[in-house]
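Here's a quick briefing on one fold, grouped by topic. Have a look at the model first, then read on for the contacts and packing.

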Amino acid sequence: MRASLRNKIINVCEKKIASKGENVGVSFYAFFKNKNDEPELLMEAAEWWIKIHQLDHFEKASKIRDLVERGK
C-alpha cells in the first residue's frame, strides 16, 4: 500500500476514534469523498480490504489503524 493511502487511513481512523470512541466502525469508503475522483486509490484500498484481508464491510477503526500501522 502506498504511503499516502496508509497515512490517510491512519488519520481518518484516529479522527473517528477521537470523536466517536474505540468501538466506532468504518468501511473502506470512509477514506474517500463521495465522488469517485481517485479510482486507482479506491481500488487499492478495496483490494487491501476485501481481497487481501477479507474484512467485513464495517470493521472497528482501531483494528484497521492497527493493521495499517503494522504494515499488514
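**Val-24 and the company it keeps**

Leaving out residues up to four places away in sequence, Val-24 touches Lys-16, Ile-17, Glu-59, Lys-60 and Ala-61, where contact means heavy atoms within 4.5 Å. Keep in mind that this is a predicted model: local features need pLDDT of at least 70, side-chain atom pairs count only at pLDDT 80 or more, and totals for chains, interfaces and linings use all residues. Residues are numbered from 1 along each chain as its sequence is written, and side-chain values use heavy atoms, with hydrogens and water left out.

**Around Val-24 and Glu-59**

- Val-24 sits in the loop between H1 and S1; helices (H or I, at least four residues) and strands (E, at least two) are DSSP runs, numbered from the N terminus.
- Val-24 counts as buried because its relative accessibility is 12%; buried means under 20% relative accessible area, exposed over 50%, and partly exposed in between, with a 1.4 Å probe and protein chains only.
- Along the chain, Val-24 and Ser-62 are 38 residues apart, yet their C-alpha atoms are separated by 8.0 Å.
- Glu-59 belongs to strand S2, residues 59–60.
- Is Glu-59 buried or exposed? Its relative accessibility is 11%, so Glu-59 counts as buried.
- Not counting neighbours within four places in sequence, Glu-59 is in contact with Val-24, Gly-25, Val-26, Trp-49 and Ile-64.

**The nonpolar core and Phe-31**

- The largest nonpolar core has 22 residues, and those with the most contacts inside it are Ile-9, Phe-31, Phe-32, Trp-48, Trp-49 and Ile-64. For the record, a nonpolar core is a set of buried Ala, Val, Leu, Ile, Met, Phe, Trp, Tyr and Cys residues joined through side-chain atoms within 4.5 Å.
- Which elements give two or more residues to this core? They are helix H1 (3–20), helix H2 (39–52) and helix H3 (61–69).
- Phe-31 lies in the loop between S1 and H2, and with a relative accessible area of 3% Phe-31 is buried.
- Setting aside residues up to four places away in sequence, Phe-31 touches Lys-8, Ile-9, Val-12, Cys-13, Val-26, Trp-49 and Ile-64.
- The C-alpha atoms of Phe-31 and His-53 are separated by 17 Å, with their positions 22 residues apart along the chain.

**Aromatic rings**

- Searching the whole structure turns up 4 aromatic pairs. Rings of Phe, Tyr and Trp (its six-membered ring) pair if their centres lie within 6.5 Å; planes under 30 degrees apart count as stacked, over 60 as edge-to-face and the rest as tilted.
- Phe-28, Tyr-29, Phe-31, Trp-48 and Trp-49 are linked into a cluster by ring pairs.

**H3 and how it packs**

- The buried residues of H3 are Ala-61, Ser-62, Ile-64, Arg-65, Leu-67 and Val-68, and they pack against H1, strand S1 (25–26), H2 and S2.
- H1 and H3 pack at an angle of about 150°, with their axes 9 Å apart. That makes H1 roughly antiparallel to H3. Axes are lines fitted to C-alpha atoms, for helices over the stretch in contact, and angles run from 0 to 180 degrees between N-to-C directions; under 35 degrees counts as roughly parallel, over 145 as roughly antiparallel, 65 to 115 as roughly perpendicular and the rest as oblique.
- Where the two helices meet, H1 brings Arg-6, Ile-9, Ile-10, Cys-13, Glu-14 and Ile-17, and H3 brings Ala-61, Ser-62, Ile-64, Arg-65, Val-68 and Glu-69.
- Ser-62, in helix H3, counts as buried at 12% relative accessibility. Beyond four places in sequence, Ser-62 touches Ile-17 and Glu-22.
- Glu-69 is also in helix H3, but Glu-69 is partly exposed, with a relative accessible area of 49%. Not counting residues up to four places away in sequence, Glu-69 touches Ile-10 and Glu-14.
- The C-alpha atoms of Glu-69 and Arg-6 are separated by 7.9 Å, although the two are 63 residues apart along the chain.

**Backbone notes**

- Gly-71, just after H3, takes a positive phi of about 75°.
- Gln-54 has a phi near 50°, a positive value in a residue other than glycine. Most residues other than glycine have a negative phi.
- Gln-54 lies in the loop between H2 and S2 and counts as exposed at 65% relative accessibility.
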